[in-house]
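Trainee: I have the file open and would like to go through it with you, piece by piece. Can we start with the cysteines?

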Amino acid sequence: MTFSTPGTFRPVILDDIRGAQKMLAGVARMTAMEGSRHLSQLVGAPVHLKCENLQRTGSFKLRGAYVRIAGLSQEARAAGVVAASAGNHAQGVALASSLLGVRSTVFMPMGAPLPKVAATMEYGADVRLQGHVIEETMAAAQEYAHETGAVFIHPFDHPDIIAGQGTVGLEILEQCPEVRTIVVGIGGGGLAAGIAVAVKTLRPDVKLIGVQAEGAAAYPPSLTAGHPVSIDHPSTMADGIKVGRPGDVPFKIIGDLVDDVRTVSEDALSSALLLCLERAKLVVEPAGASPVAALLSEPRAFEGPVVALLSGGNVDPLLMQRILRHGMAAAGRYLSLRLRLTDRPGALAALLGSLSVVDANVLDVSHVRTDPRLGLTEAEVELHLETKGPEHCEEVAAALREAGYTVMV
């Protein structure tokens, strides 16, 4: 992945973001700010969710893409634009280009989810599937730009992109003027950098906390080194923040203005996505749920009122299904047990009756009667149960042991 050289671009200032806000009038929505009673109780202070998952194209990316493309000269627009993305940036560039009457070509990895590919095409882009990983896709897009003269629209490493994303910060201050802490996910850093410029210029007392997935956390080592460094093979379900190296332009801003960068586990991301769906009735992708994951991981570490930015909601339904199962398990809502019982008629029915008494919902049963490990009169049962949480899991296991079963969790 190619990045700009430090010092190539002008600094981003508040006037740039205010200009971007005027440019985006009638294009990007001022998305809702929703209170969360559950998170407020955990944090011990009011928590609000800034719902960019409800933005046009399903994420904040439209803001920066539109400002960047709108700022091109007529000559540059005539040459068209090109981008590389697995999803959100692709859709933002496609819609922004259509609104501005600019031809767009978007390169996406060959394994990109089909709904994201279809949405990008419906927004008007010429989609080309190339590369198995995003670095290969990015290289293909840049080669296309070199060959055709099309303008490459970087997902985060350009002042116009950062200015566009910074309009989210202006909205947060308008919608929640009493805010004390803003929590935002960080991938390459364009969104966090833009919000940092807007908020710290107007309200330097507000704390800004960035969040990265543990398996794709390039900012902590980069901030320690004092310059962007790459991490090998970033890995996380949160593909929206799965970036192996900070952008040069946002890195300096984040280093100067963001108060802290935290990391969250995959379990925390799953639990956060599940919480958004169950408690807030909001469909949020893993990257968008990363600020909520940070609040769940260490709720008393944030000074309130807190605004957690849900940056996107574009999640593939199949991935959503897997994540929800993972989130249910991480939250103690699934329980897997193995136990042995006497192989006689009615033994399995008696076991299931014991589970009904403690209100555990049986999802799956595997009953093994022929195995060299088992005695002549033994059978082994593996159970997958839906429970009400960690305390209920303990109650179920204790009830089975009390009924005389040997339980292996």
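Mentor: C51 counts as buried, because its relative accessibility is 0%, and C276 is likewise counted as buried because it also has 0% relative accessibility. Please keep in mind throughout that this is a predicted model.

Trainee: How many disulfides does the structure hold?

Mentor: There are 0 disulfides in the structure.

Trainee: Why is there no bond from the sulfur of C51 to the closest cysteine sulfur?

Mentor: The closest cysteine sulfur to that of C51 belongs to C276, and since the two are 8.6 Å apart, the distance is too far for a bond. A disulfide would need the pair of sulfur atoms within 2.5 Å. Looking from the other end gives the matching result, as the closest cysteine sulfur to that of C276 is the one in C51, at 8.6 Å.

Trainee: OK, switching to helices. Which residues of α1 are buried?

Mentor: Helix α1 covers residues 14-23, and its buried residues include L14, I17 and A20. Viewed down the axis of α1, the buried residues fall within an arc of 120°, so they line one face of the helix.

Trainee: And what is on the other side of α1?

Mentor: D15 and K22 are on the other side of α1, and these two are exposed.

Trainee: What covers the buried residues of α1, then?

Mentor: The cover includes three helices, namely α3 (61-70), α8 (159-175) and α9 (190-202).

Trainee: Let's go to the strands. Is β4 enclosed or open, and why?

Mentor: Strand β4, residues 104-108, has 5 of its 5 residues buried, so it is largely enclosed by the rest of the structure. Its side chains are split between two directions, with S104, V106 and M108 pointing one way and T105 and F107 the other way, and all of them are buried.

Trainee: Which sheet does β4 sit in, and what is the strand order?

Mentor: β4 belongs to an open sheet of 4 strands, arranged in the order β5-β4-β3-β6 with parallel pairing. The edge strands of that sheet are β5 (126-129) and β6 (151-152), each of which pairs on one side only.

Trainee: How many bridges join β4 to β3, and how many join it to β5?

Mentor: Strand β3, residues 81-84, is joined to β4 by 4 bridges, and the two run parallel. Within that pairing, V81 stands opposite S104 of β4. On the β5 side, 4 bridges again join the strands, which run parallel, and there V127 of β5 is the bridge partner of V106.

Trainee: Can we zoom out for a moment? What is the overall make-up of the chain in helices and strands?

Mentor: The protein chain has 16 helices and 14 strands, and its C-alpha trace spans about 85 × 45 × 40 Å along the principal axes. Of its 409 residues, 55% count as buried. If you take the contacts between residues at least 6 apart in sequence, 73% of them join residues at least 24 apart.

Trainee: Back to details. How many residues of α13 are buried?

Mentor: In helix α13, residues 290-297, 6 of the 8 residues are buried, which leaves the helix mostly covered. The buried ones are S290, P291, V292, A293, A294 and L295.

Trainee: What joins G304 and P305?

Mentor: G304 and P305 are joined by a cis peptide bond, with omega about 0°. P305 is in the loop between α13 and β10 (306-310).

Trainee: Any aromatic features I should look at?

Mentor: The structure holds 2 aromatic pairs, and there is also a charge over a ring, with R262 lying over the face of F302 at 5.1 Å from the ring centre.

Trainee: Last topic, the backbone. Where is H233, and what is its phi?

Mentor: H233 is in the loop between α10 (219-225) and α11 (248-257), and its phi is positive, about 50°, although it is not a glycine. H233 counts as exposed, because its relative accessibility is 72%.

Trainee: And what about D359, where does it lie?

Mentor: D359 is in the loop between α15 (347-357) and β12 (361-368). Its phi is near 60°, which is again a positive value in a residue other than glycine, while its relative accessible area of 46% makes D359 partly exposed.

Conventions. Residues are numbered from 1 along each chain as its sequence is written. This is a predicted model: local features need pLDDT of at least 70, side-chain atom pairs count only at pLDDT 80 or more; totals for chains, interfaces and linings use all residues. Side-chain values use heavy atoms; hydrogens and water are left out. Buried means under 20% relative accessible area, exposed over 50%, partly exposed in between (1.4 Å probe, protein chains only). Rings of Phe, Tyr and Trp (its six-membered ring) pair if their centres lie within 6.5 Å; planes under 30 degrees apart count as stacked, over 60 as edge-to-face and the rest as tilted. A charge sits over a ring if NZ of Lys or CZ of Arg is within 6 Å of the ring centre and within 35 degrees of the ring normal. The arc is that of the directions from the helix axis to the C-beta atoms. Contact means heavy atoms within 4.5 Å. Two strands pair if DSSP finds at least two bridges between them.
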